[in-house]
Amino acid sequence: MSILVFFIVILFAFYLFYKTKYFRSSRPVEKKWLGAKSNIALGLFVFLFGINHLFFISQTTVTLIVSVIFIAYGGVFTWVGYKKYKHYLPFAAEEAESYSIK
């Protein structure tokens with residue numbers, strides 16, 4: 001249980017880190033790329049939060065339903081974020097290269 005809590009806290013910190021970088025960035029493609037990375041971190045956070053509640057919190061019907069919803073939502077959010085990340089990665093690298101030349 002403590003290892004899940006550790007990962008949950010780390011993933012929430014990553015989410016805050018990438019979201020802060022997203023708001024501070026001025027490059028449009030880099031913003032989308034950082035948004036995708038923050039989506040992945042948030043999705044994994046919600047997914048692990050659901051796993052933690054499913055196995056280590058009291059087993060009531062409401063807890064089971066909420067846990068399954070969190071797991072499904074976190075999985076979808078992570079998958080969509082990963083697809084966005086893969087899509088924007090070459091464009092972000094090209095944008096960074098073009099900004100470094102100037």
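This tour moves through a predicted model, naming what to select at each stop and what is found there.

**Helix H1**

Begin by selecting residues 2-24, which form helix H1. How far apart are the end C-alpha atoms of helix H1? They are 33 Å apart, and this agrees with the expected span of 33 Å, because the 23 residues are counted at 1.5 Å a residue. Next, colour Leu4, Ile8, Leu11, Tyr15 and Tyr18, the residues that are buried in H1. An α-helix has 3.6 residues a turn, so residues three or four places apart point the same way. Now display residues 28-56 as well: this is helix H2, which is part of what covers the buried residues of H1.

**The largest nonpolar core**

Select Leu4, Ile8, Leu11, Phe45, Val46, Leu48, Ile51 and Ile71 together. These 8 residues make up the largest nonpolar core. At least two residues of this core come from each of H1 and H2. Which helix supplies the largest share of this core? The answer is H2, with 4 residues.

Keep Ile71 selected and show its surroundings. Apart from neighbours within four places in sequence, Ile71 is in contact with Phe47, Gly50, Ile51 and Leu54.

**Aromatic rings**

The whole structure contains 10 aromatic pairs. To examine one of them, select Phe12 and Phe45, whose ring centres are 5.4 Å apart. The planes of these two rings meet at 40°, so the pair counts as tilted. Phe12 belongs to helix H1 and Phe45 to helix H2, and the pair links distant parts of the chain, 33 residues apart.

Are Phe12 and Phe45 buried or exposed? Phe12 has a relative accessible area of 36% and is therefore partly exposed. Phe45, in contrast, has a relative accessible area of 19% and is buried, because buried means under 20%. Extend the selection to Tyr15, Phe49 and Phe70: together with Phe12 and Phe45, these residues form a cluster linked by ring pairs.

**Charges over rings**

Select Lys31 and Tyr22. Lys31 lies over the face of Tyr22, at 5.0 Å from the ring centre. Then select Lys37 and Trp33. Here the charged end of Lys37 sits over the ring of Trp33, 4.2 Å from its centre.

**Helix H3**

Move on to residues 61-101, which form helix H3, and find Val62 within this helix. Val62 has 58% relative accessibility and so counts as exposed. To gain a sense of distance, draw a line from the C-alpha atom of Val62 to that of Glu94. These atoms are separated by 48 Å, and the two residues are 32 residues apart along the chain.

Thr63 is also placed in helix H3. Its relative accessibility is 17%, so Thr63 counts as buried. Which residue has a side chain joined to that of Thr63 by a polar contact of 2.8 Å? The partner is Thr60. Leaving out neighbours within four places in sequence, Thr63 is in contact with His53, Ile57 and Ser58.

The final stop is Lys83, which also has its place in helix H3. With a relative accessible area of 45%, Lys83 is partly exposed. Select Arg24 too and compare the positions: Lys83 and Arg24 are 59 residues apart along the chain, and their C-alpha atoms are separated by 23 Å.

How values were computed:
Residues are numbered from 1 along each chain as its sequence is written. This is a predicted model: local features need pLDDT of at least 70, side-chain atom pairs count only at pLDDT 80 or more; totals for chains, interfaces and linings use all residues. Side-chain values use heavy atoms; hydrogens and water are left out. The expected span of a helix is 1.5 Å times one less than its number of residues. Buried means under 20% relative accessible area, exposed over 50%, partly exposed in between (1.4 Å probe, protein chains only). Contact means heavy atoms within 4.5 Å. A nonpolar core is a set of buried Ala, Val, Leu, Ile, Met, Phe, Trp, Tyr and Cys residues joined through side-chain atoms within 4.5 Å. Rings of Phe, Tyr and Trp (its six-membered ring) pair if their centres lie within 6.5 Å; planes under 30 degrees apart count as stacked, over 60 as edge-to-face and the rest as tilted. A charge sits over a ring if NZ of Lys or CZ of Arg is within 6 Å of the ring centre and within 35 degrees of the ring normal. A polar contact is a pair of N or O atoms within 3.5 Å; within protein, one must be able to donate a hydrogen and the other to accept it, and residues adjacent in sequence count only if both atoms are side-chain atoms.
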